Amino acid sequence: MTQAIDKEQMIIDELKKLSPEKQQEVLNFIEFLHFKAQKQDVQHKEEKEPISAYEAAKEFAGCVDGGPGDLATNKKYLEGFGWK
C-alpha cells in the first residue's frame, strides 16, 4: 500500500514541475489509457461470452411481414438455394 502512495506522490510531484501545456498532455495520455483499458475489457468480455445468431440479429426478429412461416419444416421453400 505504501508503494502505491509513494508512486502516486512521485507522479504528483513530477506533474507539478511541468508547464500547464505539458500537464494537459499528461491528462490527455491518462484519458487515453483509460479508454484503451475500457476497450480491452469489452474485447475480453466479447471473447469470453460468444453470442448466438439470434442475439446478433434479434433487433431484426419479426421485422418481415409475409413469407413462409417456417422454412425448416417444408423443404420445397429451400429449392433453388442449394438444398434438395
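Here are some exercises with worked solutions on a predicted model of a single chain.

**Exercise 1. The fold and its confidence**

Work out how many helices and strands the chain has, and find where confidence is lowest and highest.

*Solution.* Start with the secondary structure: three helices and zero strands. Going along the sequence, these elements give the pattern α-α-α. Next, turn to the confidence values. The chain has a mean pLDDT of 79, and 71% of its residues reach 70 or more. Helix α1, residues 2-16, has the highest confidence, with a mean of 88. At the other end is helix α3, residues 53-57, where the mean is 78, the lowest.

**Exercise 2. The surface**

Determine what share of the residues counts as buried, and what share of the accessible surface belongs to carbon and sulfur atoms.

*Solution.* Burial comes first. A residue needs under 20% relative accessible area to be called buried, and 0% of the 84 residues count as such. Then take the surface: the chain exposes about 8300 Å² of accessible area. Carbon and sulfur atoms account for 58% of that area.

**Exercise 3. An aromatic pair**

Classify the ring pair formed by F29 and F32 as stacked, tilted or edge-to-face, and place both residues in the chain.

*Solution.* A pair of aromatic rings is described by two quantities, the distance of the centres and the angle of the planes.

1. The count of aromatic pairs comes to one. In this pair, F29 and F32 have ring centres 6.2 Å apart, and the cut-off for pairing is 6.5 Å.
2. The planes of F29 and F32 make an angle of 35°. Stacked pairs have planes under 30 degrees apart and edge-to-face pairs over 60, so the pair of F29 and F32 is tilted.
3. Now place the residues. F29 and F32 are three residues apart in helix α2, residues 20-48, and therefore about one helical turn separates them.
4. Finally, check the accessibility. F29 has a relative accessible area of 48% and is partly exposed; F32, at 42%, is partly exposed as well.

**Exercise 4. A nonpolar patch**

Name the residues that form a nonpolar patch on the surface, and give their accessible area together.

*Solution.* Begin with the two rings of the previous exercise: F29 and F32 belong to the patch. Add L33 and F35 to complete the group. Together, the four residues F29, F32, L33 and F35 have about 420 Å² of accessible area. Patch residues need over 30% relative accessible area, and F32 has 42%.

**Exercise 5. Salt bridges**

Find how many salt bridges the structure holds, then describe the partners.

*Solution.* Side chains of opposite charge can pair when their charged atoms come close. The structure holds two salt bridges.

1. One joins K17 and E14, with 3.1 Å from N to O. K17 is exposed, at 62% relative accessible area, whereas E14 is partly exposed, at 46%.
2. Another joins E25 and K22, whose closest N and O atoms are 3.5 Å apart. E25 and K22 sit three residues apart in helix α2, so about one helical turn lies between them. Both ends are partly exposed: E25 has a relative accessible area of 46%, and K22 has 42%.

Notes:
Residues numbered from 1 in each chain as written. Predicted model: local features only at pLDDT ≥ 70, side-chain atom pairs only at ≥ 80, totals over all residues. Heavy atoms only, no water. Helix = DSSP H or I, 4+ residues; strand = E, 2+ residues; numbered from the N terminus. Buried < 20%, exposed > 50% of the residue type's maximum accessible area, 1.4 Å probe, protein only. Areas by Shrake-Rupley, 256 points an atom, 1.4 Å probe, with all protein chains shown as cover. Phe/Tyr/Trp six-rings, centres within 6.5 Å; stacked < 30°, edge-to-face > 60°. Patch = residues over 30% accessible without salt bridge, like charges linked within 9 Å, V, L, I, M, F, W, Y side chains within 5 Å. Salt bridge = Lys/Arg side-chain N within 4 Å of Asp/Glu carboxyl O. pLDDT = per-residue confidence, 0-100.
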